[in-house]
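Colleague: I would like a close look at one part of this model, taken slowly and with its surroundings described afterwards.

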Amino acid sequence: MDARQMDARGRVTAVLGPTNTGKTHYAIERMLAHRTGVIGLPLRLLAREVYDRIVALRGPSVVGLVTGEERIVPDRCQYWVCTVEAMPLEIGADFVAVDEIQLCADPDRGHVFTDRLLRARGLHETLFLGSDTMRGAIAGLVPGVSFLKRERFSELTFTGSKKISRMPERSAIVGFSVDNVYAIAELIRRTKGGCAVVMGALSPRTRNAQVALYQNGDVDYLVATDAIGMGLNLDIKHIAFAATAKFDGHRMRPLYPQELAQIAGRAGRHTENGTFGVTGEARPLDETIIEAIEEHRFDPVRKLHWRNHDLEFGSAERLIASLERHTSDPWLTRARDADDLSALKALSEMAEVRDRLTGPKRVQLLWDVCRIPDFRNAGGGEHTSLLARIFEFLVGRGLGGGKVPSDWMKKAVERIDKPGGDIDTISKRLAYIRTWTYVAQRNGWVEDEIHWREETRAVEDRLSDALHAALTQRFVDRRTSVLMRRLKQKETLVAEVNDKGEVMVEGEFAGRLEGFRFSQDASASPDQARVLRTAALQALRPEFHLRADRFYNAPDTEMDFTEQGGLMWGASAIGKLVKGGEITKPTVEAFVDEEADEAVAEKVRRRLQHFIDRKVATQFEPLLAMGRDETLQGLAKGFAFRLAEGLGVIDRSAIAAEVKELDQDARSALRKHGVRFGQYTIFQPALLKPAPTRLRLVLWSLWNGLGEFPESPPPGLVTIPNLEAVPKAHYTLAGYHPAGARAIRIDMLERLADILRQKDTKAGFEATPDMLSITGMTLEQFADLMGGLGYKAERAERVKVKAAPVLVPVEVDPNAPVNPITEEESAFVRVEEPAPEAEAAAPEMEVFYTYTWAPKPRFQRPERGPRPEGQGRGPRRDGDAPQGERKPREQRGPRHDGAAPRGDRPKGDRPKGDRPQGDRPQGDRPQGDRPQGEQSQGGRGPRKDGDRKGEKPQRDDRQKSFEARPPRADKPVDPDNPFAALMALKGKL
């Protein structure tokens with residue numbers, strides 16, 4: 001039927017004009033003036049907005065919402081708010097309105113709007129709302145139509161190009177691709193604090209939440225696609241085009257002037273003027289286009305896209321032919337193949353689908369399935385396969401028996417119902433759920449329709465909320481938006497510090513108070529940072545004083561020092577140690593923000609100084625007490641000073657001369673303060689504990705100006721690795737002595753030395769279980785350790801000695817018959833001996849090491865002259881003749897077996913003097929004026945196992961030696977010598 005011959009029932013009015021003329025508001029008023037009405041809108045987003053407005057006026061019981069994916073129809077529905085595609089034309093409503101009627105010229109959806117222009121009529125009134133460019137087409141196609149022109153409430157002015165960083169507030173930047181929108185939104189977030197994002201692909205719930213961010217003033221910028229051009233009424237003052245061309249689904253093309261005007265018209269709502277311009281890489285607009293937009297003058301629409309609505313369902317071929325029918329009307333042109341027609345052609349060529357097209361109802365059902373939109377933009381093949389599967393269920397030959405089965409729907413929906421992920425992932429899931437929402441809204445398509453309509457709607461809501469949260473998190477800096485809004489309102493910013501030390505300004509995180517320093521959030525922009533700091537310091541000034549008082553009264557247990565010299569209060573760094581006048585008297589530097597008062601800094605500094613002074617006094621009490629002892633005089637006092645410099649631990653080889661010069665009285669005075677003269681180290685055992693060791697490393701490093709302090713080993717370790725990069729002094733300060741591949745703890749080394757002195761180091765000895773137990777080492781590790789101490793380890797193997805047979809006691813039953821065994825055998829039963837074959841097996845071998853003293857070679861001393869005649873070899877006092885005046889080795893008497901050759905041990909490898917044995921050093925017992933342990937520089941090796949302290953080896957055990965010279969005369973015995981009795985007894989033994 002020709003369009004001109006169509007009857008227009010009731011009054012038909014075309015309300016035409018530019019944007020911001022109140023056309024939609026006028027249509028709502030006219031619809032509510034009738035008993036029933038239907039209004040068709042171009043977008044689901046806009047339909048939801050109008051539905052909410054009418055519900056607020058009349059209540060939800062009489063207002064329905066019908067879109068492709070949503071259907072809310074109350075029992076007494078009077079007013080239907082729909083998308084244009086979902087408008088019910090057969091209900092006979094008193095009022096019908098179609099918004100944005102100029103979309104009849106759209107290549108993709110135009111045929112739907114044209115169909116409504118030609119066929120949608122109200123019983124009493126019909127309104128067509130749109131641009132004035134449609135005047136001629138409507139007049140030519142709708143007989144008896146009247147026109148109502150509406151003028152724009154405000155002016156629209158072009159302002160040229162602006163950078164995004166200089167964009168005025170309450171601006172909307174329009175892009176035409178998702179990537180472009182995201183890039184602009186990210187730039188605005190960094191420079192302006194954030195923006196809202198509006199795109200056509202958003203669900204109404206997400207779009208409303210994003211719009212609310214903008215309308216409430218949380219953000220001052222909106223980034224959108226051309227979706228905002230269709231009736232979204234927002235408080236926008238300026239529209240900036242980031243591009244002037246878009247991809248229309250087929251090709252990239254420049255925007256038509258009327259399309260630019262439709263979007264630019266969103267600026268300046270109601271009576272407030274608006275502006276528009278370009279930004280970014282968008283090309284400047286031509287003067288003719290600018291003038292057309294400002295004056296609302298555009299070329300009239302010449303052709304409307306049309307598709308035949310009188311369809312034939314006799315077969316798929318006849319249906320396709322009816323859809324492709326042409327028209328002779330000069331105002332109409334056949335629309336290009338839409339997605340539904342393309343899907344119909346593809347499905348009708350499938351054999352499994354063609355075989356099921358047994359009648360017109362099946363063909364009509366196939367056409368309804370083909371009209372499912374490709375929300376996913378999956379492409380022809382994937383979308384067609386999904387449609388074929390749904391059609392298979394609906395024809396009754398699938399598992400659903402004429403409906404999509406619930407278990408299949410459940411699996412499809414469960415795969416989508418995952419709110420997690422990034423923006424793109426959630427957006428894809430939203431597109432997928434729209435497909436199942438659309439299917440659930442069709443009457444008779446799914447089992448349990450009410451359940452699946454509610455379930456798909458609930459999934460869409462969850463995904464919409466997740467998408468809104470993801471968009472807000474990515475593109476909105478709430479902290480900046482809150483601050484900017486408060487500053488615009490000239491309100492005082494409220495700042496506070498919570499229990500976690502977080503500084504909150506207007507409820508937003510501004511930084512953290514770490515101790516007494518404010519660490520501002522680094523993510524803030526420069527402008528925002530200044531505002532944040534100003535507001536935060538208002539709350540911090542009183543907080544500094546309160547925190548300083550709390551810190552000053554805090555116990556020492558809440559404070560600590562780090563191994564790098566830092567000072568901590570709980571988990572906050574509040575200062576550091578600084579080198580003082582003495583090694584045991586460091587000073588402190590407090591970390592206090594410069595914005596705090598000087599009184600706060602001084603209070604913190606005093607409390608830190610008190611803490612470290614008490615810590616040093618407690619941990620080094622034995623060392624400090626020795627330094628205050630006025631009874632120490634002479635060499636003892638000097639030695640105590642050297643020990644204080646080493647913080648209670650000194651390598652003996654470094655002070656061998658000082659040790660040698662100490663007499664017994666000096667040693668005794670030092671031992672009263674816990675000083676132990678070990679073979680390898682001089683130390684105070686109380687200072688080897690973990691706490692003093694940790695503090696010693698810090699104080700020593702601080703005193704010596706190290707950039708990085710050595711760290712103390714974990715407590716409880718007997719040995720630690722001996723690293724070449726670590727100086728020996730660091731090991732000594734940590735309480736360890738390097739030997740071989742590992743370093744052994746000083747006190748354990750001295751215990752080992754006590755055992756080694758009892759061994760025959762010349763003939764050799766093996767490691768005992770006590771030695772291995774002290775060191776906690778295997779045989780191989782112990783051999784390496786002994787090598788580091790100056791011993792030679794020889795590895796060998798031998799047959800492992802087996803344990804003696806074990807006698808196992810058994811109980812004897814007195815009532816059992818007596819066997820002919822002995823009485824001893826009745827109480828024990830000998831374990832069976834191995835079979836002869838086992839005895840013939842190869843013997844089990846074991847590895848053992850033999851250790852002998854093998855110090856490193858050193859400089860050979862020259863031969864010494866003969867001792868003056870008549871001078872005996874009695875005990876030499878400290879003032880006796882020097883070692884160089886002794887007789888040559890070949891002129892001296894025999895040497896004990898097992899004693900190491902004199903002069904073989906370097907001073908650094910085997911220190912002489914007081915060698916500890918248990919709690920009392922071996923050198924404590926005097927021999928003349930010289931301690932027994934202090935031998936001449938050549939020194940003796942460790943005594944044999946059979947030697948005893950103060951005893952001489954039996955003469956029978958000595959090696960025999962013969963000399964050509966006559967025996968030397970003995971020195972007369974000094975009656976004042978405390979060992980006179982023993983020396984007199986010497987000749988009788």
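In what order do the 3 strands of the open sheet with strands 27, 28 and 29 stand, and is the pairing parallel or antiparallel?

Modeller: Please keep in mind throughout that this is a predicted model. The 3 strands form an open sheet in the order 27-29-28, and their pairing is antiparallel. Strand 27 (649-651) and strand 28 (676-677) are at the edges, where each has a single partner strand, so one side of each is left without a neighbour in the sheet. Between strand 27 and strand 29 (residues 681-683), which run antiparallel, there are 3 bridges, and within this pairing isoleucine 650 is found opposite isoleucine 682 of strand 29. A helix also belongs to the picture, since helix 26 (residues 746-756) lies across strand 27, strand 28 and strand 29, and runs at about 125 degrees to strand 29.

From helix 26 one can move on to an aromatic pair. The rings of phenylalanine 765 and tyrosine 791 have centres 6.1 Å apart and planes at 85 degrees, and because planes over 60 degrees apart count as edge-to-face, the pair is described in that way. Phenylalanine 765 belongs to the loop between helix 26 and helix 27 (769-775), whereas tyrosine 791 is in strand 33 (residues 791-799), so the pair ties together parts that are 26 residues apart in sequence. Phenylalanine 765 and tyrosine 791 are both buried, and they belong to one aromatic cluster together with Phe782, Tyr849, Tyr851 and Trp853. In the whole structure, a search finds 14 aromatic pairs.

Another open sheet may be set beside the one you asked about. Its 4 strands have the order 23-24-25-26, with antiparallel pairing. Here strand 23 (559-561) and strand 26 (585-590) are the edge strands, each with a single partner strand, so that one side of each is left without a neighbour in the sheet. From one strand to the next, the twist averages 30 degrees. Strand 23 and strand 24 (residues 566-569) run antiparallel and are joined by 3 bridges, with phenylalanine 561 opposite leucine 567 in strand 24. Helix 19 (residues 598-619) packs on this sheet, where it touches strand 23, strand 24, strand 25 (572-582) and strand 26, and its direction makes about 150 degrees with that of strand 26. Helix 24 (residues 690-703) packs on the sheet as well, touching strand 23, strand 25 and strand 26, with its direction at about 65 degrees to that of strand 25.

Strand 3 (residues 63-66) offers a further view of strand pairing. Both of its faces are covered, with Val63 and Leu65 on one side and Gly64 and Val66 on the other, all of them buried. Strand 3 runs parallel to strand 5 (residues 79-83), to which 4 bridges join it, and tyrosine 79 of strand 5 is the bridge partner of valine 63. With strand 4 (residues 71-72), strand 3 runs antiparallel and shares 2 bridges; leucine 65 is opposite isoleucine 72 in strand 4, and a hairpin of 4 residues joins strand 3 to strand 4.

As for the setting of these parts, the protein chain has 31 helices and 40 strands, and buried residues make up 47% of its 989 residues. Among contacts between residues at least 6 apart in sequence, 68% join residues at least 24 apart.

Definitions and conventions:
Residues numbered from 1 in each chain as written. Predicted model: local features only at pLDDT ≥ 70, side-chain atom pairs only at ≥ 80, totals over all residues. Heavy atoms only, no water. Pairing = 2+ DSSP bridges. Contact = heavy atoms within 4.5 Å. Axes fitted to C-alpha atoms, helices over the stretch in contact; angles between N-to-C directions. Phe/Tyr/Trp six-rings, centres within 6.5 Å; stacked < 30°, edge-to-face > 60°. Buried < 20%, exposed > 50% of the residue type's maximum accessible area, 1.4 Å probe, protein only.
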